[in-house]
Amino acid sequence: METNWSKVIEVFSSGIIGVFLVMVLLQILTQLSTRVIDLVESWGKDESSESEVKK
Amino acid sequence: MFDILKELIFSSGAVSLTGGNLVMWLVAFVLFYLAIKKQYEPLLLLPIAFGILVVNLPLTFLMEPEHGLIWFFYHYGIEFDIIPPLIFLGLGAMIDFGPLIANPKTLLLGAGAQAGLYVTFFAAILFGFDLQEAGSIAIIGGADGPTTIYLTSKLAPHLLGATAVSAYAYMALVPIIQPPMMKLLTTEHERKIVMTKLRPVSRLQKVCFPIVTAMTIMLVVPPAAPLISMLMLGNLFKESGVVERLTNASANELMNIVTIFLGLSIGATMTATTFLNPKVLFIFFLGLFAFVVSTGAGLLMAKLMNLFLKDKINPLIGAAGVSAVPMAARCVHKVGSEANRRNYLLMHAMGPNVAGVIGTVVAAAILLKNLG
């Protein structure tokens, strides 16, 4: 059976590049979302400690 | 009396036994030994071994299409893609993505280890396998049983038994396969690197992670949807903390039930006619090659990252990028603590370990997209 080498190269390269791209994208989104949540949570903490001081 | 005895003997399966059946019994007994005595992945290897044994008893017709009991498990469970995603649901309900969220860089290690998988794809082609078969063999390097089964059932169902047993056997052999590779590709100095403590991760971050990940991966690589959606749903159950019953059901009862059907069905695909051919030996060899190369690729990726990082990571954690949760992470921890007693790498290695699960699913989805 004849091997379709252009397909092999395509699967090989698109696979390696594809996995890296998805994982890098996921890394960026994870960092971004955790940073946003950190900000929101620290903002929420500041607000609750301020209201406690006022009381 | 003699006639009755004669009829009984000639209608029994014993007269239809072939040499191939006997060899497959031997394979089953080796797996029984590994599962019971050595306790290598017993939850899977035990039902697989029993499946092999019963399907190689002549005239039982357990795998006869439309009639055999195990054929129904196989047909509706695996051919219909039900069981692997359900296993992922249970896996998600057990996994803690906290170390990954605390150190998202480790996602790259999960990607790095997948490079080995594509090298194996290339090697399998050189060994004479066709494109679909090569893809199914390569995924063994991801060290993820359900993903291997999912992809093989789509691309090369005739190789299902060999690739599944190969994947689970090598996963069980992580403590034997990985350490020599770790020591070969890292220096003593590198293995001694102590990593800084992981930052705490809030509950909200853990709840958001499965949602963000599911949306991202399914938008970019839709063929990953069946596995990744179930994995992230299970994790959302766990992290939300509001559906304890569903979390427990996914991680325990459901997981146990589908594991029985999965093991039995996989074992039952291994009849003498499908299993006893030279290709299977090559599959086991290439599976091992995939595992070793993926481990090496993860280690090299970690070393590459260290060239750019201010806070160096211990390159050993790259080896955990092959998934095999949590055996690979434990193995990293053991080798790291041998080099430096103060080194506690388990939690650091869990990041790339769970990233490896995601990476393998993405790699499988890309293979499916290109070859399916």
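**Note on helix packing in chain B and the A–B contact**

1. Helices α11(B) and α18(B) pack with their axes 10 Å apart, at an angle of about 40°. That angle makes α11(B) oblique to α18(B), since it falls neither under 35 degrees nor within 65 to 115. The crossing of the two helices is right-handed. From α11(B), the contact draws on B:Ala162, B:Thr163, B:Ser166, B:Ala167 and B:Tyr170, and from α18(B) on B:Val280, B:Ile283, B:Phe284, B:Gly287, B:Leu288 and B:Phe291. By class, these residues comprise 8 nonpolar and 3 polar, with no charged residue. It should be stated at this point that the model is predicted.

2. Helix α18(B), residues 278-306, also packs against helix α12(B), residues 174-185, with the axes 10 Å apart and an angle of about 40°. The two helices are therefore oblique to each other, and their crossing is right-handed. On the α12(B) side the residues are B:Ile177, B:Gln178, B:Met181, B:Met182 and B:Leu185; on the α18(B) side they are B:Phe291, B:Val292, B:Thr295, B:Gly296, B:Leu299 and B:Leu300. This contact has 8 nonpolar and 3 polar residues and no charged ones. B:Phe291 takes part in the contact with α12(B) and is also listed in the contact with α11(B).

3. Helix α11(B), residues 160-172, has a further partner in helix α10(B), residues 145-155: the axes come within 9 Å and cross at roughly 165°. The angle is over 145 degrees, and the pair is therefore roughly antiparallel. The crossing is right-handed. B:Gly145, B:Thr148, B:Ile149, B:Thr152 and B:Ser153 of α10(B) meet B:Leu160, B:Thr163, B:Ala164, B:Ala167, B:Tyr168 and B:Met171 of α11(B). The contact divides into 6 nonpolar and 5 polar residues, with no charged residue. B:Thr163 and B:Ala167 serve in this contact and in the one with α18(B).

4. Helix α16(B) covers residues 244-268 and contains a kink of about 40° centred on B:Ser250. How does its end-to-end distance agree with the expected span? At 1.5 Å a residue, the 25 residues should span 36 Å, and the end C-alpha atoms lie 35 Å apart, which agrees. The local bend at B:Ser250 should thus be read alongside this agreement in length.

5. Two backbone features in loops of chain B deserve inspection. Most residues other than glycine have a negative phi, and most peptide bonds are trans. B:Phe61 has a positive phi, near 50°, although the residue is not glycine; B:Phe61 is located in the loop between α3 (42-55) and α4 (69-79). The peptide bond from B:Val325 to B:Pro326 is cis, with omega near -10°. B:Pro326 belongs to the loop between α18 and α19 (327-339) of chain B.

6. Between the chains, 25 residues of chain A are in contact with 33 residues of chain B. The chain A side of this contact consists of 13 nonpolar, 9 polar and 3 charged residues. Charged residues are thus present on that side, whereas the contact of α11(B) with α18(B) has none.

Note on methods: Residues numbered from 1 in each chain as written. Chains lettered and ligands numbered in written order. Predicted model: local features only at pLDDT ≥ 70, side-chain atom pairs only at ≥ 80, totals over all residues. Contact = placed C-beta atoms within 7 Å. Nonpolar A, V, L, I, M, F, W, Y, C, P; charged D, E, K, R; others polar. Helix = DSSP H or I, 4+ residues; strand = E, 2+ residues; numbered from the N terminus. Expected span 1.5 Å × (residues − 1). Bend = angle between axes of the 7 residues up to and from the residue. Axes fitted to C-alpha atoms, helices over the stretch in contact; angles between N-to-C directions. Left-handed = near helix turned anticlockwise from the far one by under 90°.
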